[in-house]
Amino acid sequence: MAAVGDDCLFCRIVSGEIPADVVAETDVAVAFRDLNPQAPLHVLVVPRLHAADAAELADAAPETVAALVRLGRQVAADAGHDSHRLVFNTGPDAGQTVFHAHLHVLAGRSMSWPPG
Ligand code: AMP
Ligand code: ZN
């Protein structure tokens with residue numbers, strides 16, 4: 001497994017050691033605004049459990065993947081958005097830069113397909 005705890009940026013945000021603009025929390029996940037937003041709403045939903053990517057999280061704790069999706073829907077709805085895009089970048093070629101699983105929640109503008 002990749003970096004955990006002290007070495008992992010999102011473990012440090014989840015523990016409160018590094019501040020973030022938190023918009024929602026549950027017993028299994030923390031949702032905070034992305035530092036480099038790509039839409040009017042851009043939130044990362046991050047499991048408290050460290051897993052390197054979404055597939056590893058699905059193996060370790062499948063119910064937590066469902067919890068991330070539900071929290072993503074709630075964050076978008078609470079911000080007044082009927083539509084939202086959910087993204088799990090998995091692997092460097094897909095654009096993953098932080099190797100602690102996280103769900104991007106994007107909303108507030110029309111979006112094109114395919115993504116870049
Ligand atoms: P990914 O490229 O899918 O791994 O997504 C990582 C995301 O984390 C990027 O969109 C970054 O802008 C975001 N990010 C990096 N550091 C922070 C931070 N300290 N607080 C909030 N978002 C961050
Ligand atoms: Zn971590």
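The largest pocket of this predicted model is lined by 32 residues, and those lying nearest its centre are Asp34, Gln38, His42, Asn89 and His104. Apart from this pocket, the briefing covers the site of a zinc ion (ligand 2), whose protein donors are two cysteines and two histidines, namely Cys8, Cys11, His50 and His100.

**The largest pocket**

- The space in the largest pocket comes to about 770 Å³, and the elements that each give two or more residues to its lining are helix H1 (9-14) together with the strands S2 (29-33), S3 (41-47), S4 (85-87) and S5 (103-107).
- Among the contributors to this lining, H1 provides the largest share, which amounts to three residues.
- By residue type, the lining of the largest pocket consists of 16 nonpolar, 11 polar and five charged residues.

**The zinc site**

- The zinc ion (ligand 2) has as its donor atoms the SG atoms of Cys8 and Cys11 and the ND1 atoms of His50 and His100, which lie 2.0 to 2.3 Å from the ion.
- The site is tetrahedral, with angles of 105 to 117° among the four donor atoms, and for four tetrahedral donors the ideal angle at a metal is 109.5 degrees.
- Along the sequence, the donor residues follow the spacing C-x2-C-x38-H-x49-H.
- Because Cys11 belongs to helix H1 while His50 sits in the loop between S3 and helix H2 (54-60), this pair ties together parts that are 39 residues apart in sequence.
- Cys11 and His50 are both buried.

Note on methods:
Residues are numbered from 1 along each chain as its sequence is written. Chains are lettered from A and ligands numbered from 1 in the order in which they are written. This is a predicted model: local features need pLDDT of at least 70, side-chain atom pairs count only at pLDDT 80 or more; totals for chains, interfaces and linings use all residues. Side-chain values use heavy atoms; hydrogens and water are left out. On a 1 Å grid over the protein atoms alone, a cavity is a set of points where a 1.4 Å probe fits but cannot get out, and a pocket is an open set with protein on both sides within 12 Å along at least five of seven lines; lining residues have an atom within 4 Å of a point. Grid points are joined across faces, edges and corners, and a volume is the space filled by probe spheres set on the points. Helices (H or I, at least four residues) and strands (E, at least two) are DSSP runs, numbered from the N terminus. Ala, Val, Leu, Ile, Met, Phe, Trp, Tyr, Cys and Pro count as nonpolar, Asp, Glu, Lys and Arg as charged, and the others, Gly among them, as polar. Donors are N, O and S atoms within 2.8 Å of the metal (3.2 Å for Na, K and Ca); water is not among the atoms, so sites may look incomplete. Four donors count as tetrahedral if all angles lie between 85 and 135 degrees; four count as square planar and six as octahedral if opposite donors are over 155 degrees apart and all others between 65 and 115; anything else is irregular. Buried means under 20% relative accessible area, exposed over 50%, partly exposed in between (1.4 Å probe, protein chains only).
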